[in-house]
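Student: I would like to learn how to read aromatic ring pairs and nonpolar surface patches in a model. Could we work through a case together?

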Amino acid sequence: MREPSQPVDVRESPRRPTAIVIGASVTGLFAAAVLTEVADVTIIERDALPDGPECRKGVPQARHAHLVWSGGVRAFDEILPGLVEDIVARGARLVPIMGDMVSRAPNEVWFRRFETTRHRNLVCSRNLLDHVLRERVLGDARITLHEETVAAGLVGDATRITGVRVRKDAGERILSADLVVDASGRGSQAPTWLEGLGLPRVAERRVDAGVAYATRVYKAPAATVGSFPLVNIQANPAKSPGQGGIILPVEDGRWIVTLSGTRGGEPTKDPDGFVDFALGLGDPVIGELIKGAEPLGEIATTRSTANRRRYYEKMKAWPDGFTVLGDAVAGYNPVYGHGLTVAAQSAVTLRDLLRSTSLTAPGTARRIQRATARPVAGAWDLAVGQDVFYPGAGDTPPTAVEKFLARFVDRAVDTGARNPRALGALLDVMSLEKPASGLFGLDMLVPMLFGPKKPHLRGAPLSDAERERALS
């Protein structure tokens with residue numbers, strides 16, 4: 001006799017949630033990477049992505065100097081273990097700050113090249129960084145990429161977003177998702193989309209120092225390849241127009257040289273004027289280093305450098321199923337180099353929240369928006385604390401608090417430039433590893449008030465041997 005057949009379990013496994021990320025930006029890629037822990041992810045990207053470390057239309061700022069502060073380096077490897085090692089293997093460097101950096105602060109104090117701090121910044125071209133990140137993220141089978149596709153609007157209502165209308169060529173369709181993440185950058189249409197659903201306009205603040213950038217790539221002198229320090233002259237907000245520049249030694253034996261200037265003192269696209277501008281930066285060290293170097297292309301310029309923040313986290317009503325990250329929330333003057341670090345730290349915050357909260361639970365999107373505002377705020381305060389002092393930067397003059405903090409930061413910089421203990425505390429804040437309150441700790445206050453502090457340097461701390469290698 002046959003045994004009775006066992007009942008068959010026909011229950012289906014729970015459906016895996018879905019997420020849509022608008023934009024294959026650095027923010028979008030990191031967000032997609034962490035979302036794969038809990039969802040299947042679709043990325044909507046308006047550009048055709050390059051196969052290699054090349055420029056693309058949607059990231060014109062990639063031609064300029066970029067670096068990743070140590071707070072971002074840590075976040076990179078938290079999200080994608082081994083990512084930084086992979087980028088370094090392709091030619092990037094982890095640069096000790098300030099040991100391998102020649103830097104003049106905004107108050108025109110030269111930092112001593114103390115070698116005792118633990119901070120390491122990731123230095124490479126933006127194209128290389130983007131390429132390696134795309135390789136790591138887009139190789140994940142849980143991620144689907146739609147290139148040359150435009151996000152045309154949100155689907156849903158003021159209480160719940162259920163998807164995105166997308167357009168490719170002449171066709172339009174709807175993609176549904178449990179969570180939509182806008183990582184489309186400075187050109188984000190989220191304010192308009194949300195207003196179209198009946199929500200109030202998001203509050204914004206804009207601080208525009210009127211900074212323009214000009215960048216040219218040079219062939220690095222052979223004797224400097226792989227071992228030359230960054231050279232950085234920061235603009236002084238107390239002297240208008242503010243002008244600065246940086247030499248960023250990157251992969252493939254190149255120097256990315258970016259010059260900047262505020263209203264009335266912008267750098268030029270004229271090749272001869274480019275070098276003259278660098279020679280006139282208060283200290284001529286950058287101009288002296290590049291005047292005999294071989295240029296490898298034309299000069300690229302950018303003027304879209306305003307600090308702009310949208311306070312989504314303060315909105316009284318927020319729809320489930322939608323969040324905004326990265327430059328779509330806050331874009332910073334690129335001179336401070338914090339955008340990439342904030343992108344990675346925001347993704348870490350997103351990951352940590354989704355490990356304890358269901359992606360589909362009511363209120364999750366609002367919690368994401370509020371939590372990711374914390375790394376945004378740190379970078380915003382640092383950028384605005386400088387730029388607000390340029391003439392015409394904002395609709396309102398600096399507040400009393402901003403003036404006090406600016407004076408204190410100047411003292412902190414003056415102290416950190418001459419004391420390694422204080423420098424470590426300053427770099428903790430500048431690297432976005434600790435909040436600005438770290439500047440009021442004992443590591444800063446004791447050296448500030450009691451010393452010891454070394455005397456100010458009279459010029460750029462570039463050794464004779466380094467100059468000789470660069471000018472040979």
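**Reading rings and a patch**

Tutor: Let us begin with a group of rings in this predicted model: Y312, W318 and F322 are linked by ring pairs into a cluster.

Student: What describes a pair of aromatic rings?

Tutor: Two values are used, namely the distance of the centres and the angle of the planes. In this structure, the count of aromatic pairs comes to 7. One of them is formed by F30 and F76, whose rings are 4.9 Å apart centre to centre with 55° between the planes, and this pair is tilted.

Student: Which parts does the pair of F30 and F76 tie together?

Tutor: F30 lies in helix 1 (residues 26-35) whereas F76 lies in helix 2 (residues 70-79), so the pair ties together parts that are 46 residues apart in sequence. Both F30 and F76 are buried.

Student: How do W318 and F322 pair, stacked or tilted?

Tutor: With 20° between the planes, the pair of W318 and F322 is stacked, because planes under 30 degrees apart count as such; the centres of these two rings are 5.9 Å apart. W318 and F322 are both buried as well.

Student: Turning to the surface, which residues make the nonpolar patch of about 360 Å²?

Tutor: That nonpolar surface patch is made by V401, F404, L405 and F440. Among them, F440 lies in the loop between helix 12 (420-430) and helix 13 (442-450).

Student: Is F440 itself buried, exposed or partly exposed, and what is its relative accessible area?

Tutor: F440 has a relative accessible area of 37%, so this residue counts as partly exposed.

Note on methods
Residues numbered from 1 in each chain as written. Predicted model: local features only at pLDDT ≥ 70, side-chain atom pairs only at ≥ 80, totals over all residues. Heavy atoms only, no water. Phe/Tyr/Trp six-rings, centres within 6.5 Å; stacked < 30°, edge-to-face > 60°. Helix = DSSP H or I, 4+ residues; strand = E, 2+ residues; numbered from the N terminus. Buried < 20%, exposed > 50% of the residue type's maximum accessible area, 1.4 Å probe, protein only. Patch = residues over 30% accessible without salt bridge, like charges linked within 9 Å, V, L, I, M, F, W, Y side chains within 5 Å. Areas by Shrake-Rupley, 256 points an atom, 1.4 Å probe, with all protein chains shown as cover. Salt bridge = Lys/Arg side-chain N within 4 Å of Asp/Glu carboxyl O.
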